[in-house]
Amino acid sequence: MFKSKYFAFTLLELLFVIALLSILSGVTYLIINPKKQLAKSRDAQRLADIATLVTAIQEYNSEHGTFPDDAEVTRVSNQLAVGDNLYLSTGSWINVNLSEFLPKIVIDPLNTGQYVYRYQHNNIGYEVDTTFENYSTKQIEDGGNNANKFELGTDLTILD
Ligand SMILES: [Ca+2]
């Protein structure tokens with residue numbers, strides 16, 4: 001009698017723990033997964049933005065015979081460029097009017113810390129890069145010199 005009660009109690013305990021764990025894992029899923037999904041969508045945005053920027057830079061180059069902005073200056077998307085030819089009334093991190101090629105200047109969805117876009121050119125080539133929140137094989141398949149960044153351009157050694 002005592003033994004069967006003991007086992008019944010253990011089974012209840014077990015069921016309670018299982019129920020609790022399933023509730024906790026459900027809650028954890030709700031808390032963690034949206035964050036990961038948001039980071040993934042920001043990374044997708046970064047990929048699209050960088051490609052858009054590269055297209056604009058190449059179109060600018062085709063038309064003007066030079067790359068936009070001063071040579072040998074690293075531009076970063078969370079730092080306003082300083083100059084007298086600011087793009088858009090609010091300013092831009094690239095100090096050239098690209099509105100003919102780019103309807104709106106692209107900036108990183110977070111645009112803080114390591115999560116920024118960068119751009120630099122010299123007389124013969126240019127590079128743009130971005131940092132993903134989730135590791136992507138694109139970071140090493142891009143042929144660039146930084147395994148932690150996704151790099152695009154004609155000379156992927158311009159930025160460090
Ligand atoms: Ca890389």
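Does S136 count as buried, exposed or partly exposed, and how many C-beta neighbours does S136 have inside 10 Å? S136 has 15 such neighbours, so S136 counts as partly exposed. The legends below all refer to a predicted model.

**View 1. S136 sits in the loop between β3 and α2.** Helix α2 spans 138-141. Leaving aside neighbours within four places in sequence, S136 is in contact with D43 and F150. A147 lies 11 residues from S136 along the chain. The C-alpha atoms of S136 and A147 are separated by 9.9 Å. With 15 C-beta neighbours inside 10 Å, S136 falls short of the 20 that a buried residue needs.

**View 2. The chain has two helices and four strands.** Along the sequence the pattern is α-β-β-β-α-β. The chain holds 160 residues, and buried residues make up 24% of them. Take the contacts with a separation of 6 or more: 54% of these join residues 24 or more positions apart.

**View 3. Four strands form an open, antiparallel sheet.** The order is β1-β2-β3-β4. The edges are β1 (75-76) and β4 (150-153). Each edge strand has a single partner, so one side of each is left without a neighbour in the sheet. In general, strands of a sheet pair through backbone hydrogen bonds, either parallel or antiparallel.

**View 4. Two bridges join β1 to β2.** The pairing is antiparallel. R75 has Y119 of β2 as its bridge partner. On β2, R118 and Q120 point one way. Y119 and H121 point the other way. These four residues of β2 are all buried. As a rule, side chains in a regular strand alternate between the two faces of the sheet.

**View 5. A hairpin joins β2 to β3.** The connection runs through four residues. Strand β2 covers residues 118-121, and strand β3 covers residues 126-130. The two strands pair in the antiparallel sense over four bridges. Among the bridge partners, R118 is matched with D129 of β3. Another pair is Q120 with E127 of β3.

**View 6. β3 and β4 run antiparallel.** Four bridges join these two strands. D129 stands opposite E151 in β4. D129 is also the bridge partner of R118. Both faces of β4 are covered. F150 and L152 are buried on one side, E151 and G153 on the other. F150 is also one of the contacts of S136, a residue of the loop between β3 and α2.

**View 7. The largest nonpolar core has 19 residues.** Which residues have the most contacts inside this core? They are I50, L53, A56, I57, L98, Y117 and V128. Helix α1 (2-64), β3 and β4 each supply at least two residues of the core. The largest share, five residues, comes from α1. I57 is in contact with F67, P68 and Y126, leaving aside its neighbours within four places in sequence. In soluble globular proteins, nonpolar side chains tend to be buried together.

**View 8. D49 lies in helix α1.** With 19 C-beta neighbours inside 10 Å, D49 counts as partly exposed. The cut-off for a buried residue is 20. Beyond its neighbours within four places in sequence, D49 is in contact with V106 and Y117. Y117 is among the residues with the most contacts inside the largest nonpolar core. D49 and T130 are 81 residues apart in sequence. In space, their C-alpha atoms are 9.4 Å apart.

**View 9. D69 and E72 lie in the loop between α1 and β1.** Which of them is buried and which is exposed? D69 has 23 C-beta neighbours inside 10 Å, so D69 counts as buried. E72 has 9 such neighbours, so E72 counts as exposed. Phi of D69 is positive, at about 75 degrees, although D69 is not a glycine. Phi of E72 is also positive, near 65 degrees, and E72 is a residue other than glycine.

Conventions. Residues are numbered from 1 along each chain as its sequence is written. This is a predicted model: local features need pLDDT of at least 70, side-chain atom pairs count only at pLDDT 80 or more; totals for chains, interfaces and linings use all residues. Two strands pair if DSSP finds at least two bridges between them. A nonpolar core is a set of buried Ala, Val, Leu, Ile, Met, Phe, Trp, Tyr and Cys residues joined through C-beta atoms within 7 Å. A residue is buried if 20 or more other C-beta atoms lie within 10 Å of its own, exposed if 12 or fewer, and partly exposed in between; C-beta atoms are placed from the backbone. Two residues are in contact if their C-beta atoms, placed from the backbone, lie within 7 Å.
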